[in-house]
Amino acid sequence: MQWIGVAPFFIFVLMFLILPTIYLVLGAFQNGDGQLTLDNILQLISDPSISASYWVSIKISFWSAVIGAFAGLAIAIAIVRGGLPNWTRSATLTFSGVASNFAGLPLAFAFLATLGRVGIVTTLLRDVLNVNIYAMGFNFLTTSGLIAVYLFFQIPLMVVIIVPAIDGLKKEWGEAAATLGATQSQYWRMVVIPVIWPSFLGTVILLFANSFGAIATAYAFAGPALNIVPIKLYSQINGDVLHNPQLGYAIAFGMIVITGLANVFYIWFRTRSERWLK
């Protein structure tokens, strides 16, 4: 009887996570006739367009994760240990909880409506200040533009995840360091950073996986203009020209391997950090 409460969860995981993943992995090693083959996997390496899309996605995910992690860490330290009023913490965490889930079509539309060619900020700069940012070379449909868009949900996600780690820093550690004559910089360098470093690295990896698999935001934002893995996968599964479901399964299998490794490292770093924070 005690399993009845969690039965819907396991059924949901089985139907919408485990079974589709098994079907996808099997499809990656089959041809159109259902015969076993390695051609789909080998094409991930031999096709320059596909291999390039992986490197572009890795670059975008890496920089959005690193920049988002450091920016989110700075915000988290400021609201937890910066001596700010209590309302700033609650307001920041509330906003971060909402913004970390604000992605996909709404996020792409928000950026295009703000800084697109006819966006409100672009129009105000052009009509009021006589500054045409697009004539100056500004362009959102680039890897840098997509990184900037991803930061909107990467930074809040970092804040939400890292705040508990900073809260776990015991007050007694600072008092003991001060008693032993340590300066504030020595306390941060020798105590704080080593303690939160595993949690920080784990969160960076989580942010990497979070952006690596994002498709709705990228597709709505740039469409096929950017050669990244999620868009390449979408083209193979649902495209009219590049329609090869088996190759799409192989591309998705490669994404599963990369994000799976990222999550393994995240769990490992998270486990190490929890030893200190208990």
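Which residues does asparagine 31 touch, not counting residues up to four places away in sequence? In this predicted model, the answer is Thr37 and Gln246. The second of these partners comes from far along the chain: asparagine 31 and glutamine 246 are 215 residues apart in sequence, yet their C-alpha atoms are separated by 6.2 Å. As for its setting, asparagine 31 sits in the loop that links α1 (7–28) to α2 (39–46). Within that loop, its side chain also reaches the backbone nitrogen of glutamine 35, at 2.8 Å. With a relative accessibility of 24%, asparagine 31 counts as partly exposed, because that value falls between the 20% and 50% cut-offs.

Next comes the helix that follows this loop. Two packed helices are described by the angle between their axes and the distance between the axes. For α2 and α3 (residues 48–81), the angle is about 70° and the axes lie 5 Å apart. The pair therefore counts as roughly perpendicular, since angles of 65 to 115 degrees fall in that class. On the α2 side, the contact is made by Gln43, Leu44, Ile45 and Ser46, which meet Pro48, Ile50, Ser51 and Tyr54 of α3. Sorted by type, the residues of this contact comprise 5 nonpolar and 3 polar, with no charged ones.

A second asparagine, in another loop, rounds things off. Asparagine 130 is found between α6 (120–127) and α7 (143–167). Its phi is near 55°, which is a positive value in a residue other than glycine. Asparagine 130 has a relative accessibility of 69%, so it counts as exposed, the cut-off being over 50%.

Conventions
Residues are numbered from 1 along each chain as its sequence is written. This is a predicted model: local features need pLDDT of at least 70, side-chain atom pairs count only at pLDDT 80 or more; totals for chains, interfaces and linings use all residues. Side-chain values use heavy atoms; hydrogens and water are left out. Helices (H or I, at least four residues) and strands (E, at least two) are DSSP runs, numbered from the N terminus. Buried means under 20% relative accessible area, exposed over 50%, partly exposed in between (1.4 Å probe, protein chains only). Contact means heavy atoms within 4.5 Å. A polar contact is a pair of N or O atoms within 3.5 Å; within protein, one must be able to donate a hydrogen and the other to accept it, and residues adjacent in sequence count only if both atoms are side-chain atoms. Axes are lines fitted to C-alpha atoms, for helices over the stretch in contact, and angles run from 0 to 180 degrees between N-to-C directions. Angles under 35 degrees count as roughly parallel, over 145 as roughly antiparallel, 65 to 115 as roughly perpendicular and the rest as oblique. Ala, Val, Leu, Ile, Met, Phe, Trp, Tyr, Cys and Pro count as nonpolar, Asp, Glu, Lys and Arg as charged, and the others, Gly among them, as polar.
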